[in-house]
Amino acid sequence: PEMLRALAQHARVLVRPRALHSLVMGPAVTTRPQQPGATTLYPWRALSTRATRPSTRAKGPWGRAPILDKAALMAIAEKATTQLDMIVPAIASTGGVGIVRKRGYDGLKRWNPTSPGQRHRITIDKSHLWKGDSLKTLTVGICKSGGRNNQGVVTTWWRGGGNKRKYRLIDFKRNTRLDEPAVVERLEYDPNRSAHIALIRYKSDNAPAYILAPQRL
């Protein structure tokens with residue numbers, strides 16, 4: 001646990017040691033006693049010196065503490081590095097701490113039943129979205145007509161009002177820069193569409209662009 005906690009601090013995130021242990025080490029499984037050399041209880045028993053002993057019923061979710069050498073520790077550290085992105089989302093560009101999410105996270109927020117109308121309320125979780133303004137160079141204003149023509153006469157009824165919006169220029173096709181690598185800076189809310197958008201910067205010239213954020217970006 002000390003090594004995993006140090007590895008998490010190196011990645012500038014806060015993780016639950018129990019959740020990290022269950023992902024990196026594998027869940028504890030209760031099976032019948034195996035033959036010497038069997039490694040079905042834990043994926044990392046093949047790296048320990050106790051792998052040659054017969055396996056018994058696991059005591060608790062943590063099981064026994066394995067005896068690991070330097071090579072085994074390096075193998076676990078490499079595996080933990082590749083699996084950190086499974087439990088911790090991308091760190092915000094402001095240097096904040098990543099959000100630890102439970103297994104089975106589906107991007108929805110389930111409210112507590114403080115009233116009968118709120119008992120089954122489910123909304124989209126927007127806690128990971130950018131809290132600031134949109135990029136000014138990729139934002140233009142929107143002029144609303146309110147259902148009026150150029151003479152100010154109402155030609156379309158029941159139009160008007162609503163919250164004031166700014167239009168984000170989205171690069172939908174990316175035909176000219178499709179094969180260029182880019183870095184995702186942040187995810188943002190777009191009031192003009194139901195999907196979230198992502199601000200990316202191309203590595204070649206650091207040019208920004210807005211794209212539609214795909215699932216689990």
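Author: pLDDT is the predictor's confidence in each residue, from 0 to 100. This is a predicted model, and the mean pLDDT of its chain is 74, with 56% of the residues reaching 70 or more.

Reader: Where does pLDDT stay under 50?

Author: One such stretch is residues 12-17, for which the model has 15 contacts beyond four places in sequence, and another is residues 27-34, for which there are 19 such contacts.

Reader: Why is Gln118 called buried?

Author: Buried means under 20% relative accessible area, and Gln118 has a relative accessible area of 18%, so the word applies to this residue. Gln118 has its place in the loop between β1 (108-110) and β2 (122-124), and, leaving aside neighbours within four places in sequence, Gln118 is in contact with Trp111, Asn112 and Pro113.

Reader: What makes the pair of Gln118 and Thr114 a polar contact?

Author: A polar contact needs a pair of N or O atoms within 3.5 Å, and the contact between the side chains of Gln118 and Thr114 is at 3.4 Å, so the distance meets the cut-off.

Reader: How do you know that Asp205 and Arg177 form a salt bridge?

Author: The cut-off asks for a side-chain nitrogen of Lys or Arg within 4 Å of a carboxyl oxygen of Asp or Glu, and the side chains of Asp205 and Arg177 meet at 2.8 Å, N to O, so the pair qualifies. Asp205 lies in the loop between β6 and β7, while Arg177 lies in the loop between β4 (166-168) and β5, so the salt bridge ties together parts that are 28 residues apart in sequence.

Reader: Which of these words, buried or partly exposed, fits Asp205, and which fits Arg177?

Author: Asp205, with a relative accessible area of 46%, is partly exposed because its value falls between the limits of 20% and 50%, whereas Arg177, at 18%, is under 20% and therefore counts as buried. Salt bridges that share partners join Arg177, Glu180 and Asp205 into one network.

Reader: What makes β5 and β7 edge strands?

Author: The open sheet has three strands in the order β5-β6-β7, with antiparallel pairing. β5 (182-188) and β7 (208-212) each have a single partner strand, so one side of each is left without a neighbour in the sheet. From one strand to the next, the twist averages 30°.

Reader: How do you know that β6 and β7 pair?

Author: Two strands pair if at least two bridges are found between them, and five bridges join β6 (residues 197-202) to β7, so the condition is met. Within this antiparallel pair, Ile200 has Ala209 in β7 as its bridge partner.

Notes: Residues are numbered from 1 along each chain as its sequence is written. This is a predicted model: local features need pLDDT of at least 70, side-chain atom pairs count only at pLDDT 80 or more; totals for chains, interfaces and linings use all residues. Side-chain values use heavy atoms; hydrogens and water are left out. Contact means heavy atoms within 4.5 Å. Helices (H or I, at least four residues) and strands (E, at least two) are DSSP runs, numbered from the N terminus. Axes are lines fitted to C-alpha atoms, for helices over the stretch in contact, and angles run from 0 to 180 degrees between N-to-C directions. Buried means under 20% relative accessible area, exposed over 50%, partly exposed in between (1.4 Å probe, protein chains only). A polar contact is a pair of N or O atoms within 3.5 Å; within protein, one must be able to donate a hydrogen and the other to accept it, and residues adjacent in sequence count only if both atoms are side-chain atoms.
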